[in-house]
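Visitor: Could you walk me through this one, strand by strand? I'd like the reasoning along with the answers.

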Amino acid sequence: MGTILTKEQLCEVLTRYYLENYGERDSDEWFEQPAVNVCTFKRDGKYISLKAHILTGDVEVHVE
């Protein structure tokens, strides 16, 4: 079994994924993080949640 990633590592994984896959926009509306491995923002009327696996750092995306 692997080691759980630290809060800093999870933040780095999510930030890197966001920048590489969405690019930074000033118009993005960010919401309070429900957990250290999840971040949610609103872009173009869609809510996008990024969730990093706590062991591997793999990111899962949910769009509503």
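**A walk around strand β2**

Guide: Let's start with Val38, which sits in strand β2, residues 38–43. Strands here are DSSP runs of E with at least two residues, helices are runs of H or I with at least four, and both are numbered from the N terminus. This is a predicted model, where local features need pLDDT of at least 70, side-chain atom pairs count only at pLDDT 80 or more, and totals for chains, interfaces and linings use all residues. Residues are numbered from 1 along each chain as its sequence is written, and side-chain values use heavy atoms, with hydrogens and water left out.

Visitor: Is Val38 buried or exposed?

Guide: Buried means under 20% relative accessible area, exposed means over 50%, and partly exposed is in between (1.4 Å probe, protein chains only). Val38 has a relative accessible area of 13%, so the verdict is buried.

Visitor: Which residues does Val38 touch, beyond those up to four places away in sequence?

Guide: A contact means heavy atoms within 4.5 Å. With residues up to four places away set aside, the ones Val38 touches are Leu14, Gln33, Leu50 and Lys51.

Visitor: How many of the six residues of β2 are buried?

Guide: β2 is largely enclosed by the rest of the structure. That description holds because the buried count among its six residues is five.

Visitor: How many bridges join β2 to β3?

Guide: Two strands pair if DSSP finds at least two bridges between them. β2 and β3 (residues 46–52) run antiparallel, with Phe41 opposite Ile48 and Arg43 opposite Lys46. They form a hairpin with two residues between them. The number of bridges joining them is six.

Visitor: In what order do the strands of the sheet come?

Guide: β1 (residues 29–30) pairs with β2 over two bridges, antiparallel, and β3 pairs with β4 over five, also antiparallel. The sheet is open and has four strands, in the order β1-β2-β3-β4.

Visitor: Which strands stand at the edges?

Guide: Look for strands with a single partner, so that one side is left without a neighbour in the sheet. That fits β1 and β4 (59–63).

Visitor: And which helix packs on the sheet?

Guide: This helix touches β1, β2, β3 and β4. Its direction makes about 135° with that of β3 (axes are lines fitted to C-alpha atoms, for helices over the stretch in contact, with angles from 0 to 180 degrees between N-to-C directions). It's α1, residues 7–21.

Visitor: Back in β2, which residue has its backbone oxygen 2.7 Å from a polar atom of the Arg43 side chain?

Guide: Arg43 is in β2 and counts as buried, at 9% relative accessibility. Leaving aside neighbours within four places in sequence, its contacts include Tyr18, Tyr22 and Asp28. The backbone oxygen 2.7 Å from a polar atom of its side chain belongs to Gly23.

Conventions
A polar contact is a pair of N or O atoms within 3.5 Å; within protein, one must be able to donate a hydrogen and the other to accept it, and residues adjacent in sequence count only if both atoms are side-chain atoms.
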